[in-house]
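User: Please take a close look at one loop position in this model and then follow the chain outward from there. Which surroundings does the model give it, and how far can they be trusted?

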Amino acid sequence: MHKESAIREPLILGDKTFKQITDDVCRPIENQAPRGWYILITIATVIALYGVGCILYLIGEGIGTWGLNNAVDWAWDITNFVWWVGIGHAGTLISAVLLLFRQKWRMAVNRSAEAMTIFAVIMAAIFPGIHMGRIWVSYWVLPLPNQFGSLWVNFNSPLLWDVFAISTYFSVSLVFWYIGLIPDFATIRDRMTKPLTKKIYGILSFGWSGRAKHWNRFEIVSLVLAGIATPLVFSVHSIVSFDFATSVIPGWHTTIFPPYFVAGAVFSGFAMVQTLMLIVRKVMHLEAYIHTKHIEYMNIVIMVTGSIVGVAYLTELFMAWYSGVEYESYAFLNRATGPMAWAYWVMMTCNVISPQLMWVKKWRRNLTFTFILSIIVNIGMWFERFVIIVTSLYRGHMPASWAYFYPTWVDVGVFVGTIGIFSVLYLLYARYFPVLAISEVKTILKSSGENYKEGFGAGEGYYGPDGSHGHAHHEAQEEVVENTQHEESTVELSEEELAQNKSTLLDRIGTADASEADDLKQISGIGPVLEKTLNSIGIYKFEQVSKMTSEEYNLLDSLTKSFPGRAERDNWAAQATELMTK
């Protein structure tokens, strides 16, 4: 077993066991949701319904209900589109890139970040649809024949590149998210007692049984998808930036946009993950799995990407001056000093100054401060898109067309409504799906769990021979434990020792014969091959398996000589007890 350095803070707090991890994550699914969840879902539903009403009104009346004018044709809706796409970046970054780098801290936040990506991209897709004015012909953006004959889309337009990039990103992210959920769906399936819910999670789990072949394929597919998704993280928002960079409008026509937009997307995406995870952590009582160390790591990423965004702002200003193009210089001078300068300085304050507060360790580890700052960052990133789009358009080459932009109540209602719809989807996910990756979190328990780091394996229920609980007993027995582990890992047991272990195991759990055998394959983690192995030992019935504790699991591992810790990890005894009651 790998023992992590004591210098590193644990990633799982408390005296947790494999069973407790499963219980904690499955509790909101199996039991009634916490009261806070009902309060949040009610508020979110009201906002979502208002937003749907605004969208329906817009479709019925037309986009003349927006605050667009002759000078500003891309405004509120495209600002929101770019903002939502940016938020969708953090999920794939956390899941794919950090998976390839084997970062353990991602396991507490990756599942919810992936879900956030899916829902954010769905919200982003709403705005180009309604921006078309006739959403019922939105399929025209796809290269498909239509009723007018061979009327093809313009492949030279970055707007079309958006369609391909975002749809590809959405598809890969959705598959990546769902593949990671399959083992956890199987865990929930095996714990469910109601036939309908058991059937639903059984369908969702795709027949997962926990066999070595399944885990092998799971690892391979996860790595392949991570490899595919990693370049998408950088390509998608680069292509979104081309919507502006390939134009000739002052303030847009700049080559810094692709890296600048990617950094900004990661910046806003991580801030949204912080906001959502702090809420889920409190409502779903997951304080042991999402705590200050995870928040600090996330804040470091926010601090770095916020600094990159700040450098990009300064580079834009320098290049506008250095270019010698008066229109370019005026565009940036107007942003900072013109009628809409308030939006520019809100952007600069939220995106450049606020992330630098994270240099103070005490602040970046403070959960309340982090929650407030994550909201400030997302406000600032929305204003960044607003400043880029609106302040580059409302004062063009012809002073006669200059006009101040005012959003209408429909503009505001649609945007607020998408926040409500996003919140409803996310809260439903948190209620019926495992918020944490159960199988992945368990893999770091023995290396990064607080009880294992301090007590070296002394989990709940572990007591020394003197009656002391795990941590205290460990201090007196540390050397013995380490020596024993070393011997067990290097010395092969003799035939006599194996026979003695088999006899001891059967004395403790009882004997049975093949004529009264149960179908042990119903226990998650036991396949046909392992069932034959258990039968050869003399284990045939659920009743025998239900009597196993840590000592019996260790004896069983010495006899099966494969997948050490599997029986305890999957909690065969609890599964067998449940099957006996049926």
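Analyst:
**A loop residue and its surroundings**

At 51% relative accessibility, His 285 counts as exposed (exposed is over 50% relative accessible area, buried under 20% and partly exposed in between, with a 1.4 Å probe and protein chains only). The model is a predicted one, in which local features need pLDDT of at least 70 and side-chain atom pairs count only at pLDDT 80 or more, whereas totals for chains, interfaces and linings use all residues. Residues are numbered from 1 along each chain as its sequence is written, and side-chain values use heavy atoms, with hydrogens and water left out.

His 285 sits in the loop between H9 and helix H10 (292–322) (helices are DSSP runs of H or I with at least four residues, strands runs of E with at least two, numbered from the N terminus). Its phi is positive, near 60 degrees, although the residue is not a glycine. Phe 206 is a second such case, a non-glycine residue with a positive phi of about 55 degrees, placed in the loop between helix H7 (195–204) and H8 and likewise exposed, with a relative accessible area of 61%. Gly 133, which follows H5, also has a positive phi, near 90 degrees.

The helix that leads into the loop of His 285 belongs to the interior as well. The largest nonpolar core (buried Ala, Val, Leu, Ile, Met, Phe, Trp, Tyr and Cys residues joined through side-chain atoms within 4.5 Å) has 136 residues, and those with the most contacts inside it are Trp 84, Met 116, Phe 244, Tyr 260, Phe 270 and Phe 386. Helix H9 (residues 257–283) gives the most to this core, with 15 residues. Leaving out residues up to four places away in sequence, Phe 386 touches Trp 76, Thr 79, Met 340, Ala 343, Thr 391 and Phe 405 (contact means heavy atoms within 4.5 Å). A second, separate core of 23 residues includes Leu 498, Ile 523, Ile 526 and Trp 572.

Helix H8 (residues 212–245), on the far side of the loop that holds Phe 206, contains Val 233, which is buried with a relative accessible area of 0%. Beyond neighbours within four places in sequence, Val 233 is in contact with His 89, Thr 92 and Leu 93; the C-alpha atoms of Val 233 and Thr 92 are 6.7 Å apart, although 141 residues separate the two in sequence.

Helix H5 is mostly covered, with 17 of its 22 residues buried. Those 22 residues, 110–131, should span 32 Å at 1.5 Å a residue, and because the end C-alpha atoms are 32 Å apart, the model agrees with that value (the expected span is 1.5 Å times one less than the number of residues).

Across the protein, the secondary structure comes to 25 helices and zero strands, and buried residues make up 52% of the 582 residues. Of the contacts with a separation of 6 or more, 78% join residues 24 or more positions apart.

As for trust, the average pLDDT is 81, and 90% of the residues score at least 70 (pLDDT is the predictor's confidence in each residue, from 0 to 100). Helix H19 (residues 470–490) has the lowest mean among the elements, 39, and helix H15 (residues 409–432) the highest, 91. Over residues 456–491 the pLDDT is below 50, and this stretch has 37 contacts in the model beyond near neighbours in sequence.
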